[in-house]
Amino acid sequence: MEDEHIAPIRPASTEAQRAVSQALEARLKGQGFERATVVADEDCDGTEVLYVDVYFTLTETPVDPHVVTELPQIVRKALEEVEETRYPLVRHHFDERQRVAGWR
């Protein structure tokens, strides 16, 4: 029997989506950034989180891995600016043929 007192998950706001997209676009210029989506859901422990999927197009220039490791901080800062408090789980999606700087 489902608990009727559990509140539904509050969807991500359009402001959160816009803030994340703009921050990533500004920081990832030249890295093949295509788009980002922000979806509210529960993680494996039942905690409300935001799943942020970041999509990249294939580029001739190898992707800088340091930029990729900065993605969670960029996203968190953008969400803080619109007063979004849920933790973002960032997932990146590259073309499987994408080269990475420093890798053979």
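Helices (H or I, at least four residues) and strands (E, at least two) are DSSP runs, numbered from the N terminus. The model described here is predicted, so local features need pLDDT of at least 70 and side-chain atom pairs count only at pLDDT 80 or more, while totals for chains, interfaces and linings use all residues. Residues are numbered from 1 along each chain as its sequence is written, and side-chain values use heavy atoms, leaving out hydrogens and water.

A good place to begin is the pair of helices H1 (residues 14-27) and H3 (residues 71-81), which pack at an angle of about 135° with their axes 8 Å apart. Axes are lines fitted to C-alpha atoms, for helices over the stretch in contact, and angles run from 0 to 180 degrees between N-to-C directions. H1 is therefore oblique to H3 (under 35 degrees is roughly parallel, over 145 roughly antiparallel, 65 to 115 roughly perpendicular, and the rest oblique). In contact (heavy atoms within 4.5 Å), Ala-16, Ala-19, Val-20, Ala-23, Leu-24 and Arg-27 of H1 meet Leu-71, Ile-74, Val-75, Ala-78 and Leu-79 of H3.

Next come the aromatic rings. Phe-33, Phe-56 and Phe-94 form one aromatic cluster; rings of Phe, Tyr and Trp (its six-membered ring) pair if their centres lie within 6.5 Å, with planes under 30 degrees apart stacked, over 60 edge-to-face and the rest tilted. Within the cluster, Phe-33 is buried at 18% relative accessible area, Phe-56 is buried at 6%, and Phe-94 is partly exposed at 29% (buried is under 20%, exposed over 50%, partly exposed in between, with a 1.4 Å probe and protein chains only).
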